[in-house]
Amino acid sequence: MRVYVPLTLPGLAEAHKTGELWSGPFVAYAVTPALREWYLSEDIEELEYAALSRAALASLRLLAADPGAVRRRVVVAVDVADGAASADPDRGLDPSALGEVTVTVSVPLGKAAAVHVDAEDAERDVAAAADVLEAADGGDDDAQFVVDGADDHELLWYATQEIPNLVGLA
């Protein structure tokens with residue numbers, strides 16, 4: 001199963017240093033039955049992109065909690081055994097939990113398939129979104145517009161061999 005793990009650049013640097021993405025259990029995002037139902041598509045690439053987008057929002061939440069982190073969202077794509085990740089059926093269609101899975105095993109960074117990171121030109125919009133995320137969660141439409149502006153930036157794809165260069169940004 002492909003899962004998308006939200007991080008920050010300092011979190012990626014720590015994973016690079018330790019060689020471990022996370023030790024279980026931790027939250028990631030994947031194509032779950034609830035995500036399939038919400039997205040209304042059978043195209044696996046579209047569904048994977050939706051899961052990646054959910055992980056990017058979770059990365060934004062990590063940035064909001066870490067004001068010292070470089071304002072770029074980071075998502076690591078990694079394949080885990082099917083039984084290693086599961087969705088909570090009680091949170092099923094909760095909009096805040098769409099695509100959310102719990103990974104119960106330790107995941108070596110070496111198992112990563114790719115890393116997705118914002119480009120430098122996204123930093124201003126990502127910083128603004130992180131600053132107003134709490135207000136957006138509270139229903140503020142203007143704040144939600146700012147958060148949506150960060151989504152206008154596509155995360156760039158990086159090969160795992162490029163991780164040393166990426167962590168140099170942290």
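This is a short guided tour of a predicted model, with a few selections to make at each stop.

**Stop 1: the largest pocket**

Start by selecting Ser 53, Arg 54, Ala 56, Arg 73 and Asp 151, the lining residues that lie nearest the centre of the largest pocket. The lining has 24 residues in all, and the space in this pocket comes to about 430 Å³. Now colour the elements that each give two or more residues to the lining: α2 (33–39), α3 (44–65), α4 (123–137), α5 (141–151) and β9 (156–158). Which of them gives the largest share of the lining? That is α3, with 8 residues. If you colour the lining by class, you will find 13 nonpolar, 4 polar and 7 charged residues.

**Stop 2: along helix α4**

Next, select α4, residues 123–137, one of the elements that line the pocket. Try placing a distance between its end C-alpha atoms: they are 21 Å apart. This agrees with what its length leads us to expect, because 15 residues at 1.5 Å a residue should span 21 Å. Then turn the view to Asp 131, where α4 bends by about 45 degrees.

Which residues of α4 are buried? Select Val 126, Ala 129, Ala 130, Leu 133 and Ala 136 to see them. Show α3 and α5 as well, since these are the elements that the buried residues of α4 pack against. Before leaving this stop, step just past the end of α4 to Gly 139, which takes a positive phi of about 100 degrees.

**Stop 3: Thr 8**

Move to the loop between β1 (2–7) and α1 (9–18), where you will find Thr 8. Is Thr 8 buried or exposed? With a relative accessible area of 9%, Thr 8 falls under the 20% cut-off and is therefore buried. To see what surrounds Thr 8, add Leu 62, Leu 63, Ala 69 and Val 74; these are its contacts once neighbours within four places in sequence are left aside.

**Stop 4: Lys 111**

For the last stop, select Lys 111 in the loop between β7 (107–108) and β8 (112–117). Its relative accessible area is 56%, over the 50% cut-off, so Lys 111 counts as exposed. What does Lys 111 touch, not counting residues up to four places away in sequence? Show Val 78 and Asp 79, the residues in contact with Lys 111. Val 78 is 33 residues from Lys 111 along the chain, and the C-alpha atoms of these two residues are separated by 6.2 Å.

How values were computed. Residues are numbered from 1 along each chain as its sequence is written. This is a predicted model: local features need pLDDT of at least 70, side-chain atom pairs count only at pLDDT 80 or more; totals for chains, interfaces and linings use all residues. Side-chain values use heavy atoms; hydrogens and water are left out. On a 1 Å grid over the protein atoms alone, a cavity is a set of points where a 1.4 Å probe fits but cannot get out, and a pocket is an open set with protein on both sides within 12 Å along at least five of seven lines; lining residues have an atom within 4 Å of a point. Grid points are joined across faces, edges and corners, and a volume is the space filled by probe spheres set on the points. Helices (H or I, at least four residues) and strands (E, at least two) are DSSP runs, numbered from the N terminus. Ala, Val, Leu, Ile, Met, Phe, Trp, Tyr, Cys and Pro count as nonpolar, Asp, Glu, Lys and Arg as charged, and the others, Gly among them, as polar. The expected span of a helix is 1.5 Å times one less than its number of residues. The bend at a residue is the angle between axes fitted to the seven residues ending there and the seven starting there. Buried means under 20% relative accessible area, exposed over 50%, partly exposed in between (1.4 Å probe, protein chains only). Contact means heavy atoms within 4.5 Å.
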